[in-house]
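Biologist: I should like a close look at the empty space in this model, beginning with the largest cavity. Please continue from there to the other local features that can be described.

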Amino acid sequence: MKSTAGGINFVLGMADSDAYQALHEEIVHAFPYKDNQEIIAPFSYQEAQRLVTQGGGKINGVRGLLTLVPIRICEEYYGLQIDDKPGFARWTIAMSCYMFGNPTNDPELEKVAMAGAALVRPIVDDAIARAKSDPSKDTVIARLVERQSKKPESMPDDVIRAIMLGMITGFVPTNTMASGHMLELLLSKPDWMRQAKQAVQAGDDDLLQGCMFEAMRFWPINPGPFRVAGEDFLIAAGTPRETIIKKGTNLMVSTQSAMHDPRRVDNPDVFYPRREQTNSMLMGFGLHWCIGAPLAYAQITQTFKALLERDNVRRAPGKDGKMTTFGPFPEDLWVLYD
C-alpha cells in the first residue's frame with residue numbers, strides 16, 4: 001500500500017492502532033453510508049441504463065459495462081478526470097494483483113504495479129489540485145480537501161492520495177472481478193438468471209443483491225486471503241488435526257472453502273439468494289472487513305438491474321461469448337439482449 005501510494009499507508013495495510021482508527025474515521029467521513037443509496041445506486045443504474053441502451057442489443061458486459069460504471073463513479077463521485085479509461089482499468093488491476101494476489105512476491109508483478117501506480121497517482125494529484133481551486137463540486141476528494149483546510153497537520157496531500165489510491169484499487173478491479181464472475185455464472189446457469197430477473201421484475205433490489213452475491217459465493221474474487229503468520233499459532237486444539245503454524249509461514253486462508261462447509265453453512269451447494277450474511281465471507285471479517293462493501297453492493301446491484309431489465313439476456317455466440325481475462329481479471333464477455 002505504501003509503495004503504490006508513494007509512501008503513506010492505507011487502512012488495508014495497517015494493524016489496529018490509533019493511526020488506523022484515525023484514518024478509518026476520515027474515510028468513513030468522506031464516504032458516508034447514506035451516499036450509497038442517495039448517490040451511488042441511482043448513478044450506477046442511470047449510467048448502466050445509458051450504456052445498455054447505447055449498445056443497441058449487444059454490449060461487452062465486462063469492459064463496456066461492469067468495469068466502466070465503477071470508472072465513471074471514480075470520475076463523478078470520487079472526483080477524478082480519467083481520459084484513458086481502458087488504461088486506467090488495467091493500471092488499477094496491475095496494482096490490485098500486486099497488493100492482493102502476489103503470495104510469492106513476484107518481482108514482475110511489482111514492476112508492472114509500480115508502473116500502473118505511477119500513472120494513477122498524477123490523476124489523483126490533479127483531482128486534489130482541481131478541488132483546491134474550485135471546491136464547489138461535492139466529490140470525495142473535495143471533502144478530503146475541505147478536511148485538510150480544517151486540520152492540515154493530519155490531512156496533507158499525500159494522505160489524501162493514499163486514501164484515494166486505496167479506495168480506487170479496492171473498487172475498480174475488485175468490482176470488475178466480482179461482477180464479471182457473477183455475469184459468467186448467470187449466463188451459464190439459467191435458473192440463477194431466472195431468479196435474478198424475477199427480482200428485477202418484482203422491483204426487489206434487496207433480493208437482486210442477494211442473487212448477485214449468492215452467485216459470487218460460488219466463485220469469489222479469490223479462494224481466500226494470502227497472509228504470513230505473525231507468530232506461532234495453534235489451530236484445531238484438542239482434535240486429531242491439531243497443528244502449530246510457525247511464525248513466518250505463508251498461508252492461504254480458504255474463505256471459499258469455509259463458505260461451503262456443511263458444518264457451518266446450511267445446504268452450502270444450493271443457490272439461495274435469501275441466505276444469511278453470516279454464511280458469507282465475501283467481504284472479509286473484523287478489522288479488514290471491506291470498507292467499501294456498501295458501495296460495492298449498491299454499484300453492482302444497480303448495474304445488473306439495468307442489464308437484467310432487458311429481455312432475453314444471453315451470451316453472444318462464438319468467441320465473443322467466451323470470457324477473456326487480463327491476468328486473472330475478467331475483461332471481455334459480449335452479451336446480447338432484446
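Modeller: The account below takes up the cavity, a pocket, a helix pair and several single residues in turn.

The model is a predicted one. Rolling a probe the size of a water molecule over the atoms shows where empty space is left. When the whole structure is searched in this way, one cavity of 30 Å³ or more is found. The volume of the largest cavity is about 40 Å³. Its lining comprises Val11, Leu12, Tyr20 and His24, together with Leu287, His288, Trp289 and Ile291. Sorted by class, six of these lining residues are nonpolar and two are polar, while none is charged. Because His does not belong to the nonpolar or the charged class, it counts as polar; both His24 and His288 are in the lining.

The open space may be considered next. The second largest pocket holds about 510 Å³ of space. Its lining is made up of 22 residues, and Arg275, Glu276, Gln277, Ser280 and Tyr297 are the ones nearest the centre of the pocket. The element that gives the most to this lining is helix H12, residues 205–218, with seven residues. In terms of class, the lining of the second largest pocket has 10 nonpolar residues, six polar residues and six charged residues.

From the spaces, we turn to the packing of two helices. Helix H5 spans residues 68–78 and helix H6 spans residues 85–100; their axes are 10 Å apart and form an angle of about 95°. H5 and H6 are therefore roughly perpendicular to each other, because angles of 65 to 115 degrees fall in that category. On the H5 side, the residues that meet H6 are Leu68, Ile71, Arg72, Cys74 and Glu75, and on the H6 side they meet Lys85, Phe88 and Ala89. By class, this contact of H5 with H6 has five nonpolar and three charged residues, with no polar residue.

Two single residues in helices come next. Thr176 is part of helix H10, which covers residues 172–188. Its relative accessibility is 1%, so Thr176 counts as buried, the limit for that term being under 20%. If neighbours within four places in sequence are left aside, Thr176 is in contact with Val62, Leu66, Thr67, Phe171 and Pro330. Arg147, in turn, is found in helix H8, residues 140–150. With a relative accessible area of 17%, Arg147 is also buried, since this value too is under 20%. Not counting residues up to four places away in sequence, Arg147 touches Glu26, His29 and Met155.

Lastly, the backbone deserves attention at two loop positions. Most residues other than glycine have a negative phi. Asn105 is not a glycine, yet its phi is positive, at about 55°. This residue lies in the loop between H6 and helix H7, the latter running over 107–133. Asn105 counts as exposed because its relative accessibility is 61%, and the term applies over 50%. Ala236, which is not a glycine either, has a positive phi of about 55°. Ala236 is located in the loop between strand S3 (233–235) and strand S4 (243–245). At 23% relative accessibility, Ala236 counts as partly exposed, because that value lies between the limits of 20% and 50%.

Methods
Residues are numbered from 1 along each chain as its sequence is written. This is a predicted model: local features need pLDDT of at least 70, side-chain atom pairs count only at pLDDT 80 or more; totals for chains, interfaces and linings use all residues. Side-chain values use heavy atoms; hydrogens and water are left out. On a 1 Å grid over the protein atoms alone, a cavity is a set of points where a 1.4 Å probe fits but cannot get out, and a pocket is an open set with protein on both sides within 12 Å along at least five of seven lines; lining residues have an atom within 4 Å of a point. Grid points are joined across faces, edges and corners, and a volume is the space filled by probe spheres set on the points. Helices (H or I, at least four residues) and strands (E, at least two) are DSSP runs, numbered from the N terminus. Buried means under 20% relative accessible area, exposed over 50%, partly exposed in between (1.4 Å probe, protein chains only). Contact means heavy atoms within 4.5 Å. Axes are lines fitted to C-alpha atoms, for helices over the stretch in contact, and angles run from 0 to 180 degrees between N-to-C directions. Angles under 35 degrees count as roughly parallel, over 145 as roughly antiparallel, 65 to 115 as roughly perpendicular and the rest as oblique.
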